[in-house]
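Let's take a walk through this model together, starting with a single side chain and working outwards. Keep the viewer open as you read.

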Amino acid sequence: MNPYDLSAADLDALREFGNIGAGHAATAFSTLLGGVVRMSVTDARLCPFGEVVEVVGGSDTLVIAVYIRIEGEIEGNMFVVLSPESAERLLNQLIPGRTPGDPYGEMEYSALGEVGNILSGAYVAAISDLCGFRMTQSIPAVAMDMASALLDIGLMYGSGEDNQVLLISTRLTHGGREIQAYFFLLPDFHSSSELFDNLRGKMSSG
Amino acid sequence: MRGPGRLVTAGLGSCVGVVIYDAEARLAGLAHVMLPGSPSPVTNVPQKYADTAIDWLVREMMRAGASRLRLRAKYAGGAQMFQGVKMEALRIGERNVQAVQKELADRGILVEGTDVGGHQGRTVWFEMPSCLLTVRTARGDMRML
């Protein structure tokens, strides 16, 4: 069986899982940005790592990526990826008095790191609530560069290009502006089946 | 690749793009090295690891008719894309470069040009018959090796 094949019910459940995470994140973003933040899950699925770069626009597309390592009962690499346009919209709202279009400084990188932290933290919390795994997150690392150059560190820790990746695409709306963010979780080889079998189990039973 | 043409690899971060070529026979090959060493000597994807990738490339070049003594190499990549966080894993680029350097030296292949390290991604292409390796960063800087 193709490990990426999910039944319609599995996909619904995965999307529901995405919604739980997005719900947590929306609350945190509302506090951070002020005002109402709406988040919706536009896509939730499992895909091969090789596809991730295509999802965000291709190998040498310029993107902003936040990298976070998770350790504990499930270990792996997480990325939150934003287009430069989405990041720019987000930064203009997050940093009052910032001149739009200015090159990124320490403030910008740190704000983007916090955004990545909130989003991935929300999904880690959702996984942990659902499956009962204990996990800790590293400090976020942020960079802007070519998509595949930033994502290639995801292949470490024995993960391969054919490994499964959990992909959740979200759209965040705040004050009439839209921000598209992609969340990827690539479990290490030894954690992969544990996480995905467990998630599938929870999905079909719930 | 045989004869005139171009080998391209886009968006190298911690990975290293290694080109081995025989200018006289107009033969060149490119490997996209992701990790310093293979987990076991038997792998389905020898191209991924510095040790097995270079053996694989040399073997393919010889099979295509290259001369062992004329083989030269150029390589680029091995950046540390994420800065400011002390995680051993994020230094993989440096380890990839060291491994490529050692594996080429062990096989006596002369290195004619490198562009490694730093904190920027690279798209690289190698052209035959000029044997020039061009490196372009996301910000548009170009270098020719």
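Which side chain makes a polar contact with the side chain of B:Asp115? One thing to keep in mind while you look: this is a predicted model. The partner is B:Arg143, and the two side chains come to 3.1 Å in that polar contact. B:Asp115 itself sits in strand β5 of chain B, which runs over residues 110-116. Its relative accessible area is 10%, so B:Asp115 falls under the 20% cut-off and counts as buried. Leaving aside residues up to four places away in sequence, B:Asp115 touches B:Tyr75, B:Ala76, B:Gly77, B:Arg122, B:Val135, B:Arg143 and B:Leu145. So B:Arg143 turns up both as the polar partner and in the list of neighbours.

Stay in chain B for a moment and find B:Arg107. This residue forms a salt bridge with B:Asp55, with the closest N and O atoms 2.6 Å apart. B:Arg107 is in the loop between α2 (92-106) and β5 of chain B, while B:Asp55 belongs to helix α1 (residues 50-63) of chain B, so the bridge ties together parts that are 52 residues apart in sequence. B:Asp55 isn't buried like B:Asp115: at 34% relative accessibility, B:Asp55 counts as partly exposed.

Now hop over to chain A, where another aspartate is worth a look. A:Asp188 is placed in the loop between β7 and α6 (189-205) of chain A. With a relative accessible area of just 1%, A:Asp188 is buried. Its side chain makes a polar contact with the side chain of A:Arg69, at 2.7 Å. If you want a sense of distance, take A:Val56: A:Asp188 and A:Val56 are 132 residues apart in sequence, and their C-alpha atoms are 21 Å apart in space.

Next, turn to helix α3 of chain A, residues 84-94. Its buried residues are A:Ser86, A:Ala87, A:Glu88, A:Leu90, A:Leu91, A:Gln93 and A:Leu94. What do they pack against? In chain A, the buried residues of α3 meet α1 (8-33), β2 (62-72), β3 (76-82), α4, β6 (164-174) and β7 (177-187).

There's a glutamate in that buried set, and it's a good way into the next bit. A:Glu88 and A:Arg98 meet through their side chains in a salt bridge, 3.1 Å from N to O. A:Arg98 lies in the loop between α3 and α4 of chain A and A:Glu88 in helix α3, so this pair ties together parts that are 10 residues apart in sequence. A:Glu88 counts as buried at 18% relative accessibility, and A:Arg98 is buried too, with a relative accessible area of 11%. A:Arg98 also forms a salt bridge with A:Glu108, where the closest N and O atoms are 2.8 Å apart. Here A:Glu108 is in helix α4 of chain A and A:Arg98 in the loop between α3 and α4, so this pair again ties together parts that are 10 residues apart in sequence. A:Glu108 counts as buried as well, at 10% relative accessibility.

Follow A:Glu108 along its helix. Helix α4 of chain A (residues 106-131) has 26 residues and reaches 36 Å from its first C-alpha to its last, close to the 38 Å expected at 1.5 Å a residue. Just after α4 of chain A, A:Gly132 takes a positive phi of about 75 degrees.

Finally, pull back to see how the two chains meet. The contact takes 25 residues from chain B and 27 residues from chain A. About 1,800 Å² is buried between the chains, and carbon and sulfur atoms give 68% of that area. Of the area that chain B buries against chain A, B:Met81, B:Phe82 and B:Met87 supply 30%, more than any other three residues.

The polar side of this interface has nine residue pairs in polar contact (both at pLDDT 80 or more) and two salt bridges. One of the salt bridges joins B:Arg136 to A:Asp60, the closest N and O atoms being 3.2 Å apart. On the side of chain B that touches chain A, the elements giving two or more residues are β1 (5-12), β6 (122-128) and β7 (132-137) of chain B. Of these, β1 of chain B gives the most, with three residues. The residues on that side of chain B divide into 13 nonpolar, eight polar and four charged.

Notes:
Residues numbered from 1 in each chain as written. Chains lettered and ligands numbered in written order. Predicted model: local features only at pLDDT ≥ 70, side-chain atom pairs only at ≥ 80, totals over all residues. Heavy atoms only, no water. Contact = heavy atoms within 4.5 Å. Buried area = accessible area lost by both parts, 1.4 Å probe. Salt bridge = Lys/Arg side-chain N within 4 Å of Asp/Glu carboxyl O. Polar contact = N/O pair within 3.5 Å; in protein donor to acceptor, adjacent residues only side chain to side chain. Helix = DSSP H or I, 4+ residues; strand = E, 2+ residues; numbered from the N terminus. Nonpolar A, V, L, I, M, F, W, Y, C, P; charged D, E, K, R; others polar. Expected span 1.5 Å × (residues − 1). Buried < 20%, exposed > 50% of the residue type's maximum accessible area, 1.4 Å probe, protein only.
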